[in-house]
Amino acid sequence: PDAYHLTSWYLEASLSVSVFVNPAAKILNVVISTKNNYTANLYTTNEKGQIQNTITKRLNAGTNNFAFNIASLTPGLYFVAVRTKVGISKTKWIKL
């Protein structure tokens with residue numbers, strides 16, 4: 001395996017991101033599970049890749065729960081991306 005696949009595998013094994021309720025109208029709950037402590041940048045991007053929101057959070061090993069007010073966003077397809085020193089993990093969600 002090449003370095004890209006090893007890095008991708010390590011990231012998937014050490015960091016996962018999920019959202020609920022999806023689709024969401026006012027509040028988006030983001031759950032980030034990690035095996036290590038990290039400082040992370042969380043980005044919300046629209047389907048064109050334009051950053052809508054950015055926030056920095058401290059992640060603790062285990063499950064981390066965050067709630068974001070999304071009421072001001074226009075309806076459509078969005079992504080939540082979590083960037084740590086080991087890479088980026090993202091998931092998509094729909095704003096009603």
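**Close-up views of a predicted model**

**Figure 1. Strand 6 and strand 7 run antiparallel and are joined by nine bridges.** Strand 7 covers residues 87-95. The model shown here and in the following views is a predicted one. The connection from strand 6 to strand 7 is a hairpin through two residues. Within the pairing, Val82 has Ser89 of strand 7 as its bridge partner.

**Figure 2. Strand 3 is joined to strand 6 by six bridges.** Strand 3 comprises residues 38-46 and strand 6 comprises residues 76-84; the two run antiparallel. Two positions illustrate the register of this pairing. Thr45 has Phe79 in strand 6 as its bridge partner, and Tyr43 stands opposite Ala81 in strand 6.

**Figure 3. Four strands make up an open sheet in the order 4-3-6-7.** The pairing in this sheet is antiparallel. Strand 4 and strand 7 stand at the edges; each has a single partner strand, so one side of each lacks a neighbour in the sheet. On average, neighbouring strands of this sheet are turned by 20 degrees against each other, with direction ignored. In general, side chains of a regular strand alternate between the two faces of the sheet.

**Figure 4. An open sheet of three strands has the order 1-2-5.** Its pairing is antiparallel. The edges are taken by strand 1 (15-20) and strand 5 (62-69), each of which has a single partner strand, so one side of each is left without a neighbour in the sheet. Neighbouring strands of this sheet are turned against each other by 20 degrees on average, direction ignored. Strand 1 and strand 2 (residues 27-34) run antiparallel and are joined by six bridges. In this pairing, Val17 stands opposite Ile32 in strand 2.

**Figure 5. Val30, a residue of strand 2, is shown with its surroundings.** The relative accessible area of Val30 is 1%, and residues under 20% count as buried; Val30 is therefore classed as buried. Leaving aside residues up to four places away in sequence, Val30 touches Val17, Ser18, Val19, Asn64, Asn65, Phe66, Phe68 and Val80. One of these residues, Val80, lies 50 residues from Val30 along the chain, and the C-alpha atoms of Val30 and Val80 are separated by 8.3 Å.

**Figure 6. Phe66 and Phe68 form a tilted aromatic pair.** By the rule applied, the model contains two aromatic pairs. In the pair of Phe66 and Phe68, the centre-to-centre distance is 6.4 Å and the planes stand at 40 degrees. The two residues fall into separate classes of accessibility, with the limit for buried residues set at under 20%. Phe66 has a relative accessible area of 14% and is buried, whereas Phe68, at 21%, counts as partly exposed. Both Phe66 and Phe68 are among the residues that Val30 touches.

**Figure 7. Tyr78 and Trp93 form a stacked aromatic pair.** The ring centres are 5.0 Å apart, with 20 degrees between the planes. This pair links distant parts of the chain, since Tyr78 belongs to strand 6 and Trp93 to strand 7, 15 residues apart. Tyr78 is buried, with a relative accessible area of 3%. Trp93 is also buried, and its relative accessible area is 0%.

**Figure 8. Confidence in the protein is lowest in helix 1 and highest in strand 4.** Helix 1 (residues 3-14) has a mean pLDDT of 49, and strand 4 (residues 51-59) has a mean of 95. Over residues 1-10, pLDDT stays under 50, and the model has five contacts for this stretch beyond four places in sequence. For the protein, the mean pLDDT is 87, and 86% of the residues reach 70 or more.

**Figure 9. The protein has one helix and seven strands.** Its elements run α-β-β-β-β-β-β-β from the N terminus on. Among the 96 residues of the protein, 33% count as buried. The protein exposes about 5900 Å², of which carbon and sulfur atoms supply 54%. Of the contacts in the protein with a separation of 6 or more, 55% are between residues 24 or more positions apart.

How values were computed
Residues numbered from 1 in each chain as written. Predicted model: local features only at pLDDT ≥ 70, side-chain atom pairs only at ≥ 80, totals over all residues. Heavy atoms only, no water. Pairing = 2+ DSSP bridges. Buried < 20%, exposed > 50% of the residue type's maximum accessible area, 1.4 Å probe, protein only. Contact = heavy atoms within 4.5 Å. Areas by Shrake-Rupley, 256 points an atom, 1.4 Å probe, with all protein chains shown as cover. pLDDT = per-residue confidence, 0-100. Axes fitted to C-alpha atoms, helices over the stretch in contact; angles between N-to-C directions. Phe/Tyr/Trp six-rings, centres within 6.5 Å; stacked < 30°, edge-to-face > 60°.
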